[in-house]
Amino acid sequence: MPPVDDQRWVVAAAALAERARPLSRPNPGVGAIVLKEGRVVGRGWTRFGGRPHAEAMALEKAGSAAHGATLYVTLEPCMHRSARGPACADLVVEAGLARVVVGMCDPDPRTAGAGLATLAESGVEVAQMGLQASRLSLSGHEMFQRHGRPHVTLKLALTLDGRLAMPDGSSRWITGPEARAHVHRERARADAILVGGETLRSDTPSLDVRLQGLEDRSPERWVLTRGPAPGGWKVLASPERAHSMPGVRYLFIEGGAGAAASFLRADMVDRLLIYRAPILLGDGRPALGDIGLTDLNDAHDRWRREDIRPLGRDTLEVYIRSRQEG
């Protein structure tokens with residue numbers, strides 16, 4: 001039998017984890033696969049409200065076949081026991097798994113290495129991959145545990161010359177239907193969506209998800225303002241107050257050059273989605289205002305391109321903020 005590609009199976013588990021977002025909130029969306037003799041005998045992802053966990057679901061499906069098998073899971077099996085369910089590390093030991101491969105250790109202090117230690121002490125072979133795919137699929141969980149705030153994605157729909165609207169503010173539509181559908185997919189993955197006060201007043205956006213089958217995934221609606229908000233909206237007074245958004249692990253910023261600049265100025269944007277249309281506007285409205293840069297050197301090496309792809313006539317570029325994690 002050919003050797004098993006651990007990285008491939010952890011990446012596959014990360015793809016499964018996508019099914020958990022955002023339904024598992026505020027628990028992390030985890031993916032798990034049980035492999036025995038080269039065959040998948042169980043798989044799972046975190047369910048609605050956080051239970052059952054991915055490992056519990058995968059082990060239940062595997063049944064007795066889990067004995068002597070390998071578990072691939074995006075996040076270290078948890079060690080915290082609660083009335084809602086047992087610790088996943090305990091379930092792994094009870095199932096008789098021979099090996100566990102994890103994508104990343106859990107930054108939650110209730111586990112933070114204790115899950116892997118428990119497995120090793122029980123005779124389970126443990127391997128930690130440290131894969132980027134796992135970190136990306138768990139970016140909201142990691143950001144909250146390390147910094148107490150949501151993971152923030154900023155979306156910008158731009159022309160080739162960096163404009164987001166005509167001089168009079170009209171912007172429907174800069175991008176085509178494929179790009180707009182992708183934006184709705186991103187909305188469905190977020191816990192909350194935010195626009196600036198001016199955007200809310202001028203455009204009265206609905207910000208719902210209009211993809212067939214995902215209509216119930218519309219995120220909470222927030223507005224960046226120091227004033228009141230209309231019914232159905234929540235107020236965020238400043239980017240720094242994002243630490244006080246209950247249950248929000250993934251925040252999607254979709255509207256307004258002012259709101260975008262405010263979060264960039266506070267260095268609280270972790271991911272950029274730039275939808276670029278093949279058009280020129282010339283004297284249109286710029287994408288951003290002042291973001292606090294005073295030295296050109298400081299603008300370099302901040303963003304790493306993760307992906308670039310065509311969406312119909314448009315192009316999507318995805319950038320990740322380069323940070324030194326402590």
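In which helix is E55 found? In this predicted model, E55 is found in helix α2, which comprises residues 54-62. The position is covered by the annotation "active site" in the corresponding UniProt record, an unreviewed entry, and such annotations may be inferred rather than shown by experiment. The computed relative accessible area of E55 is 3%, and because a residue counts as buried under 20%, E55 is classed as buried. When residues up to four places away in sequence are not counted, E55 touches A32, L71, V73, L75, E76, P77, C78 and C88. One of these contacts, A32, falls within strand β1, which spans residues 31-36.

Strand β1 belongs to an open sheet of 5 strands, arranged in the order β2-β1-β3-β4-β5 and with mixed pairing. The edges of this sheet are formed by β2 (39-45) and β5 (125-128), each of which pairs on one side only, and the twist from one strand to the next averages 15 degrees. Between β1 and the edge strand β2 the direction is antiparallel, and the two strands are joined by 6 bridges; among the residues concerned, V34 has G42 in β2 as its bridge partner.

With regard to the other edge strand, helix α4, formed by residues 114-121, lies across β4 (99-104) and β5, and the helix runs at about 150 degrees to β5.

Key:
Residues are numbered from 1 along each chain as its sequence is written. This is a predicted model: local features need pLDDT of at least 70, side-chain atom pairs count only at pLDDT 80 or more; totals for chains, interfaces and linings use all residues. Side-chain values use heavy atoms; hydrogens and water are left out. Two strands pair if DSSP finds at least two bridges between them. Helices (H or I, at least four residues) and strands (E, at least two) are DSSP runs, numbered from the N terminus. Axes are lines fitted to C-alpha atoms, for helices over the stretch in contact, and angles run from 0 to 180 degrees between N-to-C directions. Contact means heavy atoms within 4.5 Å. Buried means under 20% relative accessible area, exposed over 50%, partly exposed in between (1.4 Å probe, protein chains only).
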